[in-house]
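Me: Could you take a close look at one part of this model for me, the sheet and the side chains that sit on it? I would like one connected account.

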Amino acid sequence: EDARGEAFDVTGVSLSGRILADLSGGLLLRTGAGVALGRFGPVGDARVLGPAAIRTEGRFYGDISFLVQFTSWLRLSLENFFLQNSGRSGHAYTDNVVSVGAEVTY
């Protein structure tokens, strides 16, 4: 791409999968995982910033959810989402989020 101004190019690849299993009696298990590799940049002038103008990142993410089907259109969910991001200094982090929610299908 020919980005101009404050924008920058991103190239990469991602692979993920997801499974939904019916455990019977309206209880469902949903799980998934994925991996992504990306290259970001240049951000700013590469002649001035040098290697800091371009960043490569690897991400691994996964989730597991338990769902209770109340009606044909309403589910309650308990989900755990995990993300491990590996980038250069200052851009590496780990997130682990647990959430409770409702899903409505129409």
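Reply: Happy to help; here is a walk through the sheet, its surface patch and its salt bridges.

This is a predicted model, so to speak of local features a pLDDT of at least 70 is needed, side-chain atom pairs count only at pLDDT 80 or more, and totals for chains, interfaces and linings use all residues. Residues are numbered from 1 along each chain as its sequence is written, and side-chain values use heavy atoms, with hydrogens and water left out.

Let's start with the sheet. Five strands form an open sheet in the order E1-E2-E3-E4-E5, with antiparallel pairing. Strands here are DSSP runs (E, at least two residues), numbered from the N terminus, and two of them pair if DSSP finds at least two bridges between them. Strand E1 (9-22) and strand E5 (93-104) are at the edges with a single partner strand each, so one side of each has no neighbour in the sheet. Further in, strand E2 (residues 27-41) and strand E3 (residues 55-69) run antiparallel and are joined by 14 bridges. Leu27 stands opposite Val68 in E3.

Both of these residues also belong to a nonpolar surface patch, together with Leu23, Ile64, Phe66, Phe70, Leu76, Leu78, Val98 and Val100. The accessible area of the patch comes to about 890 Å² together (Shrake-Rupley method, 1.4 Å probe, only the protein chains shown counting as cover for residues). Patch residues have over 30% relative accessible area and no salt bridge; nonpolar side chains (Val, Leu, Ile, Met, Phe, Trp, Tyr) are joined within 5 Å, like charges within 9 Å. E3 gives the largest share, three residues. Phe66, in strand E3, is partly exposed at 40% relative accessible area (buried is under 20%, exposed over 50%, partly exposed in between, with a 1.4 Å probe and protein chains only).

Now to the charged side chains. The whole structure has four salt bridges (a side-chain nitrogen of Lys or Arg within 4 Å of a carboxyl oxygen of Asp or Glu). One of them joins Arg18 and Asp63 at 2.8 Å, N to O. Arg18 lies in strand E1 and Asp63 in strand E3, so this pair ties together parts 45 residues apart in sequence. Arg18 is exposed at 52%, whereas Asp63 is buried at 10%.

Glu103 and Arg30 also meet in a salt bridge, at 2.8 Å, N to O. This pair links strand E5 with strand E2, 73 residues apart. Glu103 is partly exposed at 23%, while Arg30 is buried at 15%.

How values were computed
Helix = DSSP H or I, 4+ residues; strand = E, 2+ residues; numbered from the N terminus.
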